[in-house]
Amino acid sequence: MDTRVTPHATIAARLDHLDWLEAEAIHILREVAGQCGNPVLLFSGGKDSVCLLRLAEKAFRPGRFPFPLLHVDTGHNYPEVTAFRDKRAAELGERLIVRAVADSIARGTVVLKTSNESRNKHQSVTLLEAIAEFAFDACIGGARRDEEKARAKERVFSFRDDFGQWDPKNQRPELWDLYNARIHPGENIRAFPISNWTELDVWQYIAREGLELPSIYFAHSRPVVRRNGALVPVTALTPPRDGEPVEQLSVRFRTVGDITCTAPVESAADKVEKIIAETAVTTLTERGATRLDDQTSEASMEQRKKEGYF
Amino acid sequence: MSAREPLPEAQAEDRGLLRFLTCGSVDDGKSTLIGRLLYDNKSILADTLHAIERTSRKRGLDVVDLSLLTDGLQAEREQGITIDVAYRYFSTGTRKYIIADAPGHEQYTRNMVTAASTADLAVILVDARKGVLTQTRRHSYIAHLVGIPHLVVAVNKMDLVDYSREIFDRIRQDYLRFAASLGIHDVRFIPLSALNGDMVVVRGGRLDWYDGPTLMEVLESAAAAHSESPEPFRFPVQFICRPRTAEHHDFRGYMGRIESGEIAIGDEVQVLPSGRRTRVRNICLLERSLPLAASERSVTLLLEDEVDISRGDMIVKAGEPPRMAKQIEAMVCWLAAVPLEPGRKYVVRHTTRETKALVAAIEYRQDINGMQRVAGGRLEMNEIGSVTFKLAQPLFVDPYRENRATGAFILIDEATNNTVGAGMIV
């Protein structure tokens with residue numbers, strides 16, 4: 001067989017890998033808009049959702065987005081990230097809805113075991129409450145299949161039942177680029193336009209498009225303690241334990257989530273290009289290095305997803 | 001664990017992306033092969049590697065079991081079966097790869113058709129000790145049916161047959177004999193040992209009689225689906241953009257992805273189903289204007305004249321229209337527990353268009369073990385057959401052999417909303 005590349009009539013029109021990923025994501029966003037009556041895009045201010053907003057601009061400008069933005073605020077976010085979230089939504093002129101885990105706690109739908117515990121898993125409750133409040137039929141999120149084992153088999157259009165549950169044994173076959181978003185009232189579709197992106201693709205896209213990010217993605221000086229092989233930032237929510245020496249290190253965050261479960265990595269990378277160089281040679285997965293909650297059980301993500309986690 | 005080569009943002013040559021499928025039965029070493037591809041391409045990170053080292057030790061193994069990398073969901077581990085297609089990623093610096101890993105046994109047809117539907121290339125594993133099996137024929141038939149342009153037969157476990165050239169040659173002859181009867185001509189054979197790494201990414205020193213490329217070299221040089229022959233322009237409309245703002249008062253953009261072919265500003269186009277002709281005024285990607293755009297690019301088309309167009313319509317080049325069909329004959333792979341029977345109605349989704357379909361007749365079922373055609377009746381889950389449908393509204397179709405995007409459709413059960421069938425138009 002001849003596996004040489006046949007020169008295409010128009011080399012200039014050929015897509016590089018970022019072009020291809022971008023085109024696929026735009027196609028998925030437009031399918032959500034075309035098939036769903038009342039979708040919403042989950043925007044946290046994190047790097048993956050920053051890419052989603054850029055892709056939504058490419059998919060729908062000069063029109064407005066055919067969906068609002070939603071952030072489920074754990075109340076444990078870094079102020080740099082929430083400030084960036086608000087600024088970015090305002091720049092785009094799109095509607096941002098914020099729903100707080102604190103309100104679910106006040107309502108009694110979320111019950112904390114300890115006051116400073118991670119609120120990461122409790123986001124699911126608040127998200128489902130927001131879905132019910134606005135009758136959203138689809139939620140667009142920035143999850144990627146390379147993030148975690150339980151995500152490798154996730155559909156681009158993932159079906160959730162009346163209880164927001166993901167049943168790995170009851171997912172719709174997904175063939176070609178023919179997505180099926182048909183649902184009954186109360187059910188929900190989670191759509192993942194950047195399913196096929198890796199962490200490196202995300203950084204390369206951020207560089208290519210010149211996208212702005214919250215400052216804590218870049219190297220900065222921060223007090224931390226070393227715990228179970230990870231760096232734990234010293235904050236009011238996460239004070240040092242007895243006997244733990246506090247160090248002042250140059251660090252950056254690879255993911256920005258709930259303060260109580262997101263750890264930075266030691267780094268001097270203060271520019272996107274330097275982060276790309278580091279990402280290309282990193283020896284730890286994004287979650288392995290930085291998510292304190294995912295290490296508890298090999299199947300913890302799968303468990304949370306079944307309960308409605310994004 | 002050695003470091004990956006840094007991958008600068010501006011690559012001298014970015015060869016884009018290749019999607020491929022791996023298929024084989026549980027014991028063919030498929031998981032080990034995928035693990036080997038990831039490992040030797042430095043795509044396994046230290047924490048993942050440590051986790052599988054721990055598990056390997058727990059199971060009393062001396063070497064790291066690379067197959068653990070593709071170990072699945074807890075639900076699957078508990079049941080000891082693989083439920084679903086898993087997607088995995090690696091990059092060589094010049095090309096990004098997406099592997100669709102199709103489980104070999106449970107619901108194999110449904111999973112393999114799913115994995116094959118987006119693949120440019122299929123790696124079919126054969127155990128060197130066992131040779132060509134019924135399973136090999138089945139995988140090859142499905143890969144061919146679903147129109148994968150390149151097949152690679154990886155003759156694995158060469159380490160267990162003393163790297164014997166005679167055994168490899170015999171398997172190749174056996175395979176070619178039945179492949180010809182299926183109409184498969186584009187096929188390449190590679191002897192390898194996923195366990196030891198020979199001929200996967202590196203050549204190793206034990207297969208010196210083989211002078212062909214390694215598996216990785218084949219992957220690096222394989223042409224992606226759309227680059228091989230000119231195709232007609234097909235643009236199913238996904239979304240209409242009419243901002244009606246002061247700044248963009250008259251803007252009317254037709255948004256979609258070019259499913260095949262290419263389009264340039266000034267080209268004469270025809271809109272289906274109306275048949276109206278006009279010209280392309282602009283091709284937009286945000287603030288960029290592209291003089292020319294080719295398949296797989298998502299763009300917004302602006303047209304010279306005001307034409308009434310909605311989602312589900314198709315824009316094509318004037319003079320190369322697809323067939324406007326109210327009846328279609330297709331090879332259907334059935335995916336649901338409730339069988340497909342004549343007289344039943346389904347929703348058919350084809351490109352961005354949806355209509356209702358009535359099952360008019362089932363001509364035959366394809367027995368994919370013996371490769372015979374079995375007369376009519378009904379299609380059970382995991383069966384493939386030739387089915388004729390009557391459509392409530394016309395679809396704009398090409399034969400699947402000529403165009404995967406405009407030849408493919410899915411069937412949806414209106415009561416459950418489940419995707420129950422995959423169709424390829426004859």
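User: In chain A, where is confidence lowest and where is it highest?

Analyst: Good place to start, as this is a predicted model. Confidence in chain A bottoms out in helix 9 (residues 300–306), with a mean of 58, and peaks in strand 1, at 98. Over the whole of chain A the average pLDDT is 86, and 86% of the residues score at least 70.

User: Over which residues does pLDDT stay under 50?

Analyst: First the general idea: where pLDDT is low, the predicted coordinates should not be read in detail. Here, residues 1–12 of chain A stay under 50, and the model gives them 22 contacts beyond four places in sequence. Residues 294–299 of chain A also stay under 50, with four such contacts.

User: Now the sheet. In what order do the strands lie, and is the pairing mixed or not?

Analyst: A sheet is read across its strands, from one edge to the other. In chain A, six strands make an open sheet in the order 3-2-1-4-6-5, with mixed pairing. Strand 3 (96–100) and strand 5 (157–160) of chain A are the edges, each pairing on one side only. From one strand to the next, the twist averages 30 degrees.

User: Which way do strand 1 and strand 2 of chain A run, and how many bridges join them?

Analyst: Strand 1 (residues 39–42) and strand 2 (residues 69–73) of chain A run parallel, joined by two bridges. Leu42(A) has Leu70(A), in strand 2, as its bridge partner.

User: And what does helix 1 of chain A touch?

Analyst: Helix 1 (residues 17–35) of chain A packs on the sheet, touching strand 1, strand 4 (138–140) and strand 6 (188–191). The direction of helix 1 makes about 160 degrees with that of strand 4 of chain A.

Note on methods: Residues numbered from 1 in each chain as written. Chains lettered and ligands numbered in written order. Predicted model: local features only at pLDDT ≥ 70, side-chain atom pairs only at ≥ 80, totals over all residues. Pairing = 2+ DSSP bridges. Helix = DSSP H or I, 4+ residues; strand = E, 2+ residues; numbered from the N terminus. Axes fitted to C-alpha atoms, helices over the stretch in contact; angles between N-to-C directions. Contact = placed C-beta atoms within 7 Å. pLDDT = per-residue confidence, 0-100.
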